Amino acid sequence: MQHTCQALIIHCIDFRFGKAIKKYLEDQGLLGDIDIISVAGGVKNIVGPNEPSDAEFLMKQIETSKTLHDIKQVILMNHTDCGAYGGRKAFNSNGEEREKHFSDLKDAETRILEKFPELEVKKVLAILTHENDIRFEELG
Ligand SMILES: [Zn+2]
């Protein structure tokens, strides 16, 4: 039996974002129609992995999702105050933290498109606010 889905998302394991990510996917009409990869640090594993094999593993997962489920889109999602990046305290300002994630997301997009030019890539930053709300910023 052929079974396909629209997209694949790569996001961090951080439990604080779980409910919000589910709601985000629901709002996008993607919940139940998307493969999910959850790895500590999100795209850090592609652009600045602790081990080169971490990046290879993720690229293979994307390929498998494409082969098995014929995905058209990859959503790359990083988040603020990410432990794998040293948390919020690793940055001098929110702006600096945001810039680092934007730059890593763009870098990851480039690497994915080099290998899978037919895929559409969407870049999202999940931002933990001071009120502990989560909002999603999509990058153009
Ligand atoms: Zn994280």
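**From two loop residues to the sheet and its core**

With 18 C-beta neighbours inside 10 Å, Asp 81 counts as partly exposed, because a residue needs 20 or more such neighbours to be called buried and 12 or fewer to be called exposed. The structure in which Asp 81 is found is a predicted model, and what follows is computed from that model. Asp 81 belongs to the loop that leads from β3 to α4, and its backbone has a positive phi of about 55 degrees, although the residue is not a glycine. Most residues other than glycine have a negative phi. Asp 70 also has a positive phi, near 55 degrees, and is likewise a residue other than glycine. Its place is the loop between α3 and β3, and with 12 other C-beta atoms within 10 Å, Asp 70 is exposed.

These loops belong to a chain that contains 4 helices and 5 strands, and read from the N terminus, the elements follow one another as β-α-β-α-α-β-α-β-β. For a compact globule of 140 residues one would expect a radius of gyration near 14 Å, and the chain, with 15 Å, agrees with that expectation. Along the principal axes, the C-alpha atoms occupy a box of roughly 50 × 35 × 25 Å. Of the 140 residues, 29% are buried. Among the contacts between residues at least 6 apart in sequence, 73% join residues that are at least 24 apart.

The arrangement of the strands comes next. The 5 strands make up an open sheet in the order β2-β1-β3-β4-β5, with mixed pairing. The edges are taken by β2 (34-38) and β5, each of which has a single partner strand, so that one side of each is left without a neighbour in the sheet. From one strand to the next, the twist averages 20 degrees.

Starting from the β2 edge, β1 and β2 run parallel and are joined by 5 bridges, with Leu 8 having Asp 35 in β2 as its bridge partner. Between these two strands the chain passes through α1, and this β-α-β crossover from β1 to β2 is right-handed. On moving across the sheet, one finds β1 joined to β3 by 4 bridges, again in a parallel pairing, and here Ile 9 stands opposite Ile 75 in β3. The strands β3 and β4 are parallel as well, joined by 7 bridges, and in this pair Asn 78 faces Leu 125 in β4. With α4 between them, β3 and β4 make a right-handed β-α-β unit.

Two of the helices can be placed against these strands. Helix α3 lies across β1, β2 and β3, and its direction makes an angle of about 165 degrees with β2. Helix α4, for its part, lies across β3, β4 and β5, running at about 160 degrees to β4.

Why can β3 be described as largely enclosed by the rest of the structure? The reason is that 6 of the 7 residues of β3 are buried. In soluble globular proteins, nonpolar side chains tend to be buried together. The largest nonpolar core here has 26 residues, and those that touch the most other members are Val 74, Ile 75, Leu 76 and Met 77. Two or more residues of this core come from each of β1 (7-11), α1 (18-27), α3 (52-69), β3 (73-79), α4 (94-115) and β4 (120-128). Leu 76 illustrates how such a residue is surrounded: leaving out residues up to four places away in sequence, Leu 76 touches Ile 10, Val 43, Leu 105, Ala 108, Glu 109, Val 121, Lys 123 and Val 124.

The other edge of the sheet offers a contrasting case in Glu 138, a residue of strand β5 (residues 134-139). Is Glu 138 buried or exposed? It counts as exposed, because 10 C-beta neighbours lie inside 10 Å of its own. Apart from residues within four places in sequence, Glu 138 is in contact with Lys 122 and Val 124. Glu 138 and Ala 126 are separated by 12 residues in sequence, and the distance between them in space, from C-alpha to C-alpha, is 8.8 Å.

Conventions: Residues are numbered from 1 along each chain as its sequence is written. This is a predicted model: local features need pLDDT of at least 70, side-chain atom pairs count only at pLDDT 80 or more; totals for chains, interfaces and linings use all residues. A nonpolar core is a set of buried Ala, Val, Leu, Ile, Met, Phe, Trp, Tyr and Cys residues joined through C-beta atoms within 7 Å. Two residues are in contact if their C-beta atoms, placed from the backbone, lie within 7 Å. Two strands pair if DSSP finds at least two bridges between them. A crossover is right-handed if, with the strands pointing away from the viewer, the path from the first strand over the helix to the second runs clockwise. Axes are lines fitted to C-alpha atoms, for helices over the stretch in contact, and angles run from 0 to 180 degrees between N-to-C directions. The radius of gyration is taken over C-alpha atoms; the globule rule is 2.2 Å times the number of residues to the power 0.38.
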